[in-house]
Amino acid sequence: MTLAEALHEAATRLLKAGIDDPRLEAEVLLRHALGVDREELFARLQEPLALELQALYEALVDRRLEHEPTAYIIGHKEFFGLDFACSPAALIPRPETELLVETAIEWVRGRGSRVKDLRAVDVGSGSGVIAVSLATHLPQARVIATDISDKALALGRRNALAHCVASQIEFVRGSLLEHLSGRFDLIAANLPYIPSQTYNSLPPGIREHEPEAALRAGRRGTALIEAMLAQAVDHLAPGGVLLAEHAWNQGRRLREAATGHFPTADIETRRDLAGLERLLVVRTARD
Ligand SMILES: C[S@@+](CC[C@H](N)C(=O)[O-])C[C@H]1O[C@@H](n2cnc3c(N)ncnc32)[C@H](O)[C@@H]1O
């Protein structure tokens with residue numbers, strides 16, 4: 001069997017099982033089995049696939065047919081132009097979270113030379129994608145990455161080391177901002193925000209493989225973000241910014257909650273590429 005034939009067969013099985021983008025998924029898994037990039041795969045399509053690699057490829061496709069996410073099967077995923085290790089210890093990074101990172105970087109750069117040492121916190125750091133992306137793009141940033149999951153923190157540390165920013169990031173176990181002292185110029189949070197009922201109807205690939213504690217957040221889905229807003233009153237520096245990712249229908253409730261805690265702040269919601277409300281932005285006035 002040639003690589004092209006194996007690819008075709010796998011794509012057909014994935015298609016029949018109702019997996020989205022079957023051809024692309026089949027290709028990513030084949031590249032992973034062979035350890036080659038896209039260019040090399042296409043140059044070798046007419047070569048035979050060795051029997052042991054055929055068995056390995058079939059096993060990878062079988063896992064995908066069981067709805068295991070590709071990022072967990074191949075162990076990594078791109079986020080903000082960087083490659084991150086992924087494991088079931090943490091949520092797979094989502095492209096919509098890039099809006100938070102982009103907004104944070106824009107805000108810091110917009111402050112020009114005023115901030116030499118930027119104190120930032122990434123609340124609910126998971127695989128560390130936010131903390132690591134910020135540290136990579138903002139060498140002046142000192143980031144505390146905090147999460148309730150030890151396993152997620154370990155994965156975050158691994159990603160910080162892989163991107164050579166471990167000296168800029170301290171990984172700390174704890175809930176929200178409770179265990180932190182002092183004030184931060186930037187508070188960034190992608191906390192769980194899926195309401196319990198919505199969680200129960202998520203696709204099996206998410207519900208059966210990604211950690212529930214990274215997704216589910218009470219009846220309305222805003223409980224954790226609202227609790228963090230209350231705590232942030234004692235932790236957001238004057239002239240600072242708080243950014244919190246949320247679901248498309250939580251914008252108004254979170255703006256109202258933020259206004260209650262930060263009555264003099266500049267509060268807005270940014271939309272994602274799909275035009276949906278996605279990011280709460282709270283900017284406090286300078287002293
Ligand atoms: C939606 S995931 C986001 C992970 C990562 N920041 C990202 O953007 O991919 C939420 C993370 O928040 C963590 N978490 C849940 N409850 C928390 C709490 N009370 N305090 C801190 N982290 C929490 C979960 O363990 C999970 O890693």
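## Cysteines, ligand, domains and loops

User: Let's start with Cys164. Is this residue buried or exposed, and how do I read that?

Analyst: Cys164 is exposed, at a relative accessible area of 69%. The general idea: under 20% relative accessible area is buried, over 50% is exposed, and partly exposed sits in between, using a 1.4 Å probe and protein chains only. Before we go on, this is a predicted model, where local features need pLDDT of at least 70, side-chain atom pairs count only at pLDDT 80 or more, and totals for chains, interfaces and linings use all residues. Residues are numbered from 1 along each chain as its sequence is written, and side-chain values use heavy atoms, with hydrogens and water left out.

User: How many disulfides does the structure hold?

Analyst: A disulfide is a covalent bond between the sulfur atoms of two cysteines. Here the test is a pair of cysteine sulfur atoms within 2.5 Å. The structure holds zero of them. Cys86 is in no disulfide, and its nearest cysteine sulfur, in Cys164, is 19 Å away.

User: Why is the sulfur of Cys164 without a bond to Cys86?

Analyst: Because the closest cysteine sulfur to that of Cys164 is the one in Cys86, at 19 Å, which is too far for a bond. As for burial, Cys86 is buried, with a relative accessible area of 7%.

User: On to the ligand. Which residues are the closest to the ligand?

Analyst: For a shell like this, a residue is near a molecule if one of its heavy atoms lies within 4 Å of it. The ligand is surrounded by 18 residues, and the closest are Gly124, Asp147, Leu176, Asn190 and Ala214. By type, the shell divides into ten nonpolar residues, seven polar and one charged. In that scheme Ala, Val, Leu, Ile, Met, Phe, Trp, Tyr, Cys and Pro are nonpolar, Asp, Glu, Lys and Arg are charged, and the others, Gly among them, are polar.

User: And what about polar contacts to the ligand: how far from a ligand oxygen is the polar side-chain atom of Asp147?

Analyst: A polar contact is a pair of N or O atoms within 3.5 Å; within protein, one must be able to donate a hydrogen and the other to accept it, and residues adjacent in sequence count only if both atoms are side-chain atoms. For Asp147, a polar side-chain atom is 2.6 Å from an oxygen atom of the ligand. Ser175 places a side-chain N or O atom 3.0 Å from a ligand nitrogen, while a polar backbone atom of Ser125 is 3.4 Å from a nitrogen atom of the ligand. The protein covers 95% of the 600 Å² of accessible area that the ligand has on its own, by the Shrake-Rupley method with a 1.4 Å probe; for residues, only the protein chains shown count as cover.

User: Where is Leu176, and what is its phi?

Analyst: Helices (H or I, at least four residues) and strands (E, at least two) are DSSP runs, numbered from the N terminus. Leu176 sits in the loop between strand 5 (169–173) and strand 6 (184–189). Its phi is near 45 degrees, positive in a residue other than glycine, and Leu176 is buried at 8% relative accessibility. His67 also has a positive phi without being a glycine, about 75 degrees. His67 lies in the loop between helix 4 (51–65) and helix 5 (70–74), and is partly exposed at 30% relative accessibility.

User: How far apart are the C-alpha centres of domain 1 and domain 2?

Analyst: Domain bounds come from an automatic or database assignment, which here gives domain 1 (3–66) and domain 2 (89–283). Their C-alpha centres lie 36 Å apart.
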